[in-house]
Amino acid sequence: MTAIYDTIGLNYADLRRPDPRIGKAILDAIGPCDTLLNVGAGTGSYEPDDRSVTAVEPSAEMIRKRPAGAAPAVQASADDLPFADDSFDAVMAILTIHHWPDKAAGLRELRRVTRGRVVLLTFDPASRPWLTDYLPGLAALDEAQMPPLSDYERWLGPVRIEPVPVPHDCSDGFLYAYWRRPQAYLDPRTRSGSSSFWALPDVSEGIAHLADDLASGAWERRYADLLTLDTYDAGYRLVVTQD
């Protein structure tokens, strides 16, 4: 089995360190459970250490990067989970659904293998964080990859959807994490932590425009209100099935 992160996961463990505030929101949404499945688990970000976790990850490279003592990982795809019905108390899938080739089938599989709650951290493709002003290709990519929020109830049954504010000093370097640290986007290594930058064919023009605006002060003038915020609604959402 090959997977996208076999190629692009080079700096993932360094750049994508779980943020404890986002982690708390995820665990609060999961609630009490003894057994938990993490689908699209990567290197194990946001896996709790106080319950029995099983990880599913299609990328052998990401499985190799899981730290010593991490939950056992099974190499498999979300749309064909190798578990019996109702095998787990709960299941989580964190910033992964946009990589699934068959999102509807994958979400039905999550529903099938859990007897309890499904918790997803995903992105609302209708959102337009400021970075899309410089790189409009990101908005098009979000719309192409991310299901509209209305799809989740169709695939999972009744859900509640909650915003996940991104802290200004977020340690998890996902795409829009650097909303108050725009200089970070000028660094190719920092950009390598987000699959979206690997997917866009050429970001040089937009990044050059951002660099110019940062040097001239135009960015700070345009987005001055952001500099007063500690958290920002960049479009990330928790989708939680109703008990």
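## Helix α11 and its surroundings

The buried residues of α11 (buried meaning under 20% relative accessible area, exposed over 50% and partly exposed in between, with a 1.4 Å probe and protein chains only) are covered by elements including α6 (131–134), α9 (188–191) and α12 (218–222), where contact means heavy atoms within 4.5 Å. This is a predicted model, in which local features need pLDDT of at least 70 and side-chain atom pairs count only at pLDDT 80 or more, while totals for chains, interfaces and linings use all residues. Residues are numbered from 1 along each chain as its sequence is written, and side-chain values use heavy atoms, with hydrogens and water left out. Helices (H or I, at least four residues) and strands (E, at least two) are DSSP runs, numbered from the N terminus.

Let's look at α11 itself. G206, I207, L210 and D213 are its buried residues. Viewed down the helix axis, the buried residues of α11 fall within an arc of 125 degrees, so they line one face; the arc is taken from the directions from the helix axis to the C-beta atoms. On the face turned away from that buried side sit the exposed residues E205, D212 and A215. After α11 comes G217, with a positive phi near 90 degrees.

## Strand β1 between its partners

Strand β1 (residues 35–39) has 4 of its 5 residues buried, so the rest of the structure largely encloses it. Strands count as paired if DSSP finds at least two bridges between them. β1 runs parallel to β2 (residues 52–56), joined by 5 bridges, and also pairs in the parallel sense with β4 (residues 88–94) over 3 bridges. L36 takes part on both sides: V53 stands opposite L36 in β2, and A90 is the bridge partner of L36 in β4.

## Salt bridges

The whole structure holds 17 salt bridges, each a side-chain nitrogen of Lys or Arg within 4 Å of a carboxyl oxygen of Asp or Glu. In helix α3 (residues 20–30), K24 and D28 are 4 residues apart, about one helical turn, and their closest N and O atoms are 2.8 Å apart. K24 is exposed at 54% relative accessible area, whereas D28 is partly exposed at 49%.

Helix α5 (residues 103–113) offers another pair, E109 and R112, 3 residues apart, with an N to O distance of 2.6 Å. Here E109 is buried at 12% and R112 partly exposed at 24%.

D133 and R222 also form a salt bridge, at 3.7 Å between the closest N and O atoms. This pair links distant parts of the chain, with D133 in α6 and R222 in α12, 89 residues apart.
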